[in-house]
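Me: Please take a close look at the strand pairing here, and then follow it outwards to the loops and helices. I would like one connected account rather than a list.

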Amino acid sequence: QGTATKIAVFVGHVIAYLMLLGGILLVVFNPHLLFSGIWLMFIGWFLNQAATGSAHHARIRDALHGYSAGDLMSTNFQSVPEDLTIEELLRQRVAAGPRSWFLVVQGPFLRGLLSLGDVKKVPRRRWSATQIASVMQPIQKLGVVSPQVEALEVLEEMDEKEVQEMPVVEQGTLVGVVTRASLLRAAQLRHEFGF
């Protein structure tokens, strides 16, 4: 982490702990200020959480520095036609091997991405009548990135779009998929082993 970030996080924690202590002292030594003491403790707790979150975000940002979408994408993906039903998908594709997401296509065109989380939202009784096109995450929602985009930028875009996966496209051709799990795993490994 950068020195400025470390200092900001440290100062945030110090202020938070002082507010927590001040709130406790108010409650103990001045009971008629109970509400003020509790309020001060709440603000201190909130500031402490914010400082912890800032430190965590800074660690992830530093750990992802130098990685691109192309470095962390998976090229081991399966595509499925958008008119396949959920029941057919589960019987034909999921049973054939462990896979948590699929790219949804119509002919040569990428239409979206389907995760098993999307499938779980559909009641089992409707699986045979529900096409995956109706429950997938459309490409317009997901967006796409090029392999050269920085990994941290990909993670920030996932946060903004509230998605777990993002297709990687180069010159109009799908070359892979980056998942939030792969980004966070890379950050964790670099943080743990320092490479």
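Reply: Two strands are taken as paired if DSSP finds at least two bridges between them. The model is a predicted one, and what follows is to be read with that in mind.

By this criterion, strand β5 (residues 165–170) and strand β6 (residues 173–179) are a pair, joined in the antiparallel sense over six bridges. Within that ladder, glutamate 165 of β5 faces threonine 179, which belongs to β6. The two strands make a hairpin with two residues between them, and in its turn glutamine 171 adopts a positive phi of about 50°. A positive phi also occurs on the approach to the hairpin, at glutamate 162, where the angle is about 60° although the residue is not a glycine. Glutamate 162 sits in the loop that leads from α7 (151–161) to β5, and it counts as exposed because its relative accessibility of 66% lies over the 50% cut-off.

Glutamate 165 also provides a link to another strand, since it is among the residues in contact with serine 115 once neighbours within four places in sequence are left aside. The other contacts of serine 115 on that count are Ser100, Trp101 and Gln137. Serine 115 is part of strand β3 (residues 109–115), and, with a relative accessibility of 12%, which is under 20%, it is therefore classed as buried.

Strand β3 in turn belongs to an open sheet of four strands, arranged in the order β1-β2-β3-β4 with mixed pairing. Its edges are formed by β1 (79–81) and β4, each of which pairs on one side only. At the β1 edge, the strand runs parallel to β2 (residues 101–106), to which three bridges connect it; one residue of this pairing is proline 81, whose bridge partner in β2 is valine 105.

Towards the other edge, the loop between α5 (116–120) and β4 (137–138) contains threonine 130. Which of its surroundings does threonine 130 touch, residues up to four places away in sequence not being counted? They are Leu84, Thr85, Ile86, Val122 and Val135. A polar atom of the threonine 130 side chain lies 2.6 Å from the backbone oxygen of arginine 126. Because its relative accessibility is 8%, again under 20%, threonine 130 is counted as buried, in contrast to the exposed glutamate 162 in the loop before β5.

Beyond the strands, a further feature involves the two helices α1 (3–29) and α2 (34–64), each of which supplies at least two residues of a nonpolar patch. This patch lies on the surface, covers about 1300 Å², and is made by Ile7, Phe10, Val11, Val14, Ile15, Leu18, Phe35, Trp39, Phe42, Trp45, Phe46 and Leu47. Leucine 47, in helix α2, is partly exposed at a relative accessible area of 31%, and so it passes the requirement of over 30% that patch residues must meet. Leucine 33, in the loop between α1 and α2, is likewise partly exposed, but its relative accessible area is 28%, which means that it does not reach the over 30% required for a patch. The C-alpha atom of leucine 33 is separated by 9.4 Å from that of glycine 23, the two residues being 10 apart along the chain.

Key:
Residues are numbered from 1 along each chain as its sequence is written. This is a predicted model: local features need pLDDT of at least 70, side-chain atom pairs count only at pLDDT 80 or more; totals for chains, interfaces and linings use all residues. Side-chain values use heavy atoms; hydrogens and water are left out. Patches are made of residues with over 30% relative accessible area and no salt bridge: like charges are joined within 9 Å, nonpolar side chains (Val, Leu, Ile, Met, Phe, Trp, Tyr) within 5 Å. Accessible areas come from the Shrake-Rupley method with a 1.4 Å probe; for residues, only the protein chains shown count as cover. A salt bridge is a side-chain nitrogen of Lys or Arg within 4 Å of a carboxyl oxygen of Asp or Glu. Buried means under 20% relative accessible area, exposed over 50%, partly exposed in between (1.4 Å probe, protein chains only). A polar contact is a pair of N or O atoms within 3.5 Å; within protein, one must be able to donate a hydrogen and the other to accept it, and residues adjacent in sequence count only if both atoms are side-chain atoms. Contact means heavy atoms within 4.5 Å.
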